Amino acid sequence: MTGSLNLWLIPLVPFAGFLVNGLIGRKLPKAFATAVALIATLIPFLHVVKIWFQFPSLTVPYVESLGTWIWTGNFHADFALQLDQLTMIMLLVVTGVGFLIHIYSVGYMAHEEGYWRFFAYLNLFMFFMLTLVLSENFLLMFVGWEGVGLASYLLIGFYFLRDSAVNAGKKAFVVNRIGDFGFLLAMFLLVAHFGTLSFSEVFAQVSQHPEWQGGFLTAIALFLVLGATGKSAQIPLYTWLPDAMEGPTPVSALIHAATMVTAGVYMVARTHIIFDRSPLALSTVAIIGAATAFFAATVGMVQTDIKRVLAYSTVSQLGYMFLACGVAAYSSAIFHLITHAFFKGLLFLAAGSVIHALGGEQDMRVMGGLRKKIPITFWTMTAAVFAISGIPPFAGFFSKDEILYQAFISGGLGRILWFVGLVTAGLTSFYMFRLWYLTFTGESRANEIEEHGAAVHARSDSKLVVEAEHAHGVHESPWVMLLPLILLAILATTGGFLGVPSAMGGHDEIGHFLEPLLGSGAHAAGGESSGLALSLAAVSVLVALTGLFAAHILYKAKPELPHKLATQLRALYALLLNKYWVDQIYGALIVTPLLLVSRYLLKGLIDRGVIDGAGFAAGATAQGFGAIVQRVQSGNIRSYAGWLALGAAVLLIVSYFGFTAHF
Amino acid sequence: MVPTSYYLVLSAILFTIGVAAFLIKRNIITVFMSIELMLNAVNLSFVAFAHQWHQVNGQIFVFFVMVVAAAEAAVGLAIIIAIFRTRNTLNVDEIDLMKL
């Protein structure tokens with residue numbers, strides 16, 4: 001392979017788009033701003049596709065250094081980009097799904113204020129996300145890591161006139177900062193132990209020392225996990241993601257479902273050489289993943305805001321990916337990351353289409369009967385619901401089943417994790433079909449708004465006014481929005497065939513593609529019988545169908561039943577509806593004490609008392625001294641002359657007696 | 001032949017009178033005249049030393065001092081006239097515009 005791949009083009013073209021739209025977008029005609037944003041995303045996508053075709057003839061990892069960044073003493077870090085199998089897949093997902101969502105946004109945001117600003121932020125996000133996946137060292141990855149956090153903050157708070165959106169943005173930023181702190185500590189430890197932050201050098205050193213087990217590697221891994229839980233919304237730092245739904249729906253699809261939140265999974269897979277040496281860190285990841293998956297799925301079952309259901313579903317699915325990483329099945333995690341990007345991106349875009357059709361309504365209790373009115377949205381959403389529920393042959397089935405299989409055969413703890421994952425799969429199927437039934441089937445409950453309007457809206461989280469849409473009537477979205485939906489529906493339906501396990505007669509292309517980098521899964525080499533794989537798959541399909549069936553009974557056959565259940569199991573229902581009061585607990589345990597300490601101790605005592613006090617004291621001293629000394633400068637010439645004469649006389653006396661002292 | 005020390009004592013007396021007058025007098029013109037007195041006292045000691053050491057440098061210095069004193073007198077008197085026109089007084093104690 002000769003010649004450069006010009007990897008730098010991939011992140012920098014969106015950055016150029018950001019600069020154009022961000023600096024002069026306000027003055028540009030709308031069509032021009034649209035063209036800039038789309039081209040700035042299309043070029044990287046085409047470039048990535050071109051590289052994909054060259055990929056078999058490349059020697060990986062291919063590293064492209066753009067120059068030295070930091071060089072101090074023995075430590076140096078480059079602006080270095082690298083391409084290997086993992087990066088290749090991430091690039092395809094990010095640019096491909098990203099481009100589709102850009103197209104969708106053209107329709108979705110068409111009537112919004114600050115159209116140019118939205119696209120500028122989206123392009124900025126693409127720049128940082130591509131930097132993150134392309135970087136060859138931890139430091140550059142951290143730049144991307146922080147940058148996507150910034151873009152996420154800007155986009156969550158896009159409707160900055162709305163208080164809740166601004167607060168959600170701040171919350172996301174602050175919670176992410178806690179995770180970033182973990183990432184920083186991990187980097188400090190890496191520098192202290194390895195003297196470098198380059199991926200290849202760190203991993204080479206680890207590989208050369210098979211005797212390094214646990215110890216400081218565990219510490220590094222656990223700090224990296226803290227970083228990953230922040231970005232990927234895992235327990236204990238997941239609380240920002242549901243609130244992040246305040247952002248426009250395309251943002252939820254791109255950043256908070258398909259790409260940014262998977263950065264933590266990507267990071268764990270990227271640094272798996274460190275994790276492989278630390279069973280403790282791996283178990284932590286697996287337990288965090290399984291716990292988050294189950295926990296978020298239970299909360300998702302009772303939410304009424306369509307986007308919040310999807311948000312908890314995202315948290316839950318990310319938990320699956322963590323679970324896969326935790327049982328060292330990194331390629332399964334990446335496989336699920338890909339299919340999840342397809343079906344969850346699609347779910348959000350379809351939900352956006354529903355919201356668009358209803359003119360901003362997000363409360364599922366007032367939806368219903370939309371199947372006939374928005375058929376294309378309905379069919380694409382159906383594909384996504386089947387995919388996420390794990391019904392074969394849709395994409396989610398293969399990837400989720402792969403994760404559960406890997407968890408099961410890892411033995412010991414893995415059996416428990418498998419069971420949790422299985423139950424979660426049932427819950428997932430239940431809440432997704434609940435959403436599906438509530439939104440699309442039955443009769444429209446929109447007329448109930450008039451009766452219970454005030455009550456419903458007092459409780460609902462949706463911020464937009466319902467009245468506006470009834471003037472327009474329910475309408476299917478424009479083609480510019482439907483096209484990405486259809487393309488993603490195709491991907492969500494067929495994406496699973498990328499990785500059909502050999503037990504089901506497939507070739508597991510993803511697994512083999514990633515094998516040189518990530519290994520073939522710690523346990524796959526064990527030669528487990530395909531019978532086990534098939535029976536496990538059968539069990540999970542059965543569980544998924546059970547969830548479907550339960551949703552059918554509750555929300556189709558006997559629509560009065562959910563209300564009865566909710567009253568009978570009031571305590572449990574309240575627990576789930578209030579998301580286990582985690583926000584309140586965090587508020588009471590962490591936020592309030594922190595605020596009190598800041599307000600009274602730091603602001604009142606330290607800032608006002610010590611720091612301001614020191615300043616005031618210094619000022620007062622200088623003023624007092626000046627008040628005394630200024631009397632000397634009277635403006636009276638004769639007093640000046642007197643001082644002059646006095647000084648001269650003193651000099652004379654000193655010099656005279658000074659001389660005589662020597663004699 | 002008058003000894004040099006006589007000239008120096010005379011010079012010191014004249015200089016001291018100048019300093020005293022400078023400090024005591026309130027009329028700005030008198031103050032000005034006392035400056036001239038101090039300058040000429042110094043001139044006297046220059047000339048005396050030049051005579052004692054038979055060197056012409058001291059004499060030349062005196063010419064310089066005279067030139068500077070003439071220029072100073074011109075500028076100083078102009079300033080005094082300007083002050084008198086605006087403030088109607090020549091009392092230095094009342095001319096304290098530069099006070100804080």
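In this predicted model, chain A has a mean pLDDT of 86, with 93% of its residues at 70 or more. Two stretches of chain A fall below 50. Residues 449-471 of chain A stay under 50 in pLDDT, and the model gives this segment 25 contacts beyond four places in sequence. Residues 522-526 of chain A are likewise below 50, with 6 contacts beyond near neighbours in sequence. For chain B the average pLDDT is 90, and 97% of the residues score at least 70. The model as a whole has an ipTM of 0.76 and a pTM of 0.78.

Towards the N terminus of chain A, P29(A) occupies the loop between α1 (9-24) and α2 (30-54). P29(A) has 9 other C-beta atoms within 10 Å and is therefore exposed, the cut-off for this class being 12 or fewer. Between P29(A) and T196(A) the sequence separation is 167 residues, and the C-alpha to C-alpha distance is 48 Å.

Strands β1 (residues 62-72) and β2 (residues 75-83) of chain A run antiparallel and are joined by 8 bridges. The two strands form a hairpin in which 2 residues lie between β1(A) and β2(A). At the turn, T72(A) has F75(A) of β2(A) as its bridge partner, and G73(A) adopts a positive phi of about 65°.

Helix α3 of chain A covers residues 85-108, 24 residues in total. From first to last C-alpha, α3(A) spans 34 Å, close to the 34 Å expected at 1.5 Å a residue. Of the 24 residues in α3(A), 23 are buried, so this helix is largely enclosed by the rest of the structure.

A second enclosed helix of chain A is α16, formed by residues 375-389. Its 15 residues reach 21 Å from the first C-alpha to the last, close to the expected 21 Å at 1.5 Å a residue. Because 11 of the 15 residues are buried, α16(A) is also largely enclosed by the rest of the structure. The buried positions are T377(A), F378(A), T380(A), M381(A), A383(A), A384(A), V385(A), F386(A), A387(A), I388(A) and S389(A). The cover over these residues includes several helices of chain A, among them α14 (306-326), α15 (330-357) and α17 (395-409). Helices α18 (413-440), α21 (479-494) and α23 (530-557) of chain A are also included in this cover. Just after α16(A), G390(A) takes a positive phi of about 80°.

Chain B contains 3 helices and 0 strands, in the order α-α-α from the N terminus. Its C-alpha atoms fill a box of roughly 50 × 25 × 25 Å along the principal axes. The radius of gyration of chain B is 17 Å, whereas a compact globule of 100 residues would have a value near 13 Å. Buried residues account for 8% of the 100 residues in chain B. Of the contacts in chain B between residues at least 6 apart in sequence, 48% link residues at least 24 apart.

The contact between the two chains takes 10 residues from chain A and 10 residues from chain B. On the side of chain A that touches chain B, 3 residues are nonpolar, 6 are polar and 1 is charged.

Terms used
Residues numbered from 1 in each chain as written. Chains lettered and ligands numbered in written order. Predicted model: local features only at pLDDT ≥ 70, side-chain atom pairs only at ≥ 80, totals over all residues. Helix = DSSP H or I, 4+ residues; strand = E, 2+ residues; numbered from the N terminus. Rg over C-alpha atoms; globule rule 2.2 N^0.38 Å. Buried ≥ 20, exposed ≤ 12 C-beta atoms within 10 Å, placed from the backbone. Contact = placed C-beta atoms within 7 Å. Expected span 1.5 Å × (residues − 1). Nonpolar A, V, L, I, M, F, W, Y, C, P; charged D, E, K, R; others polar. Pairing = 2+ DSSP bridges. pLDDT = per-residue confidence, 0-100.
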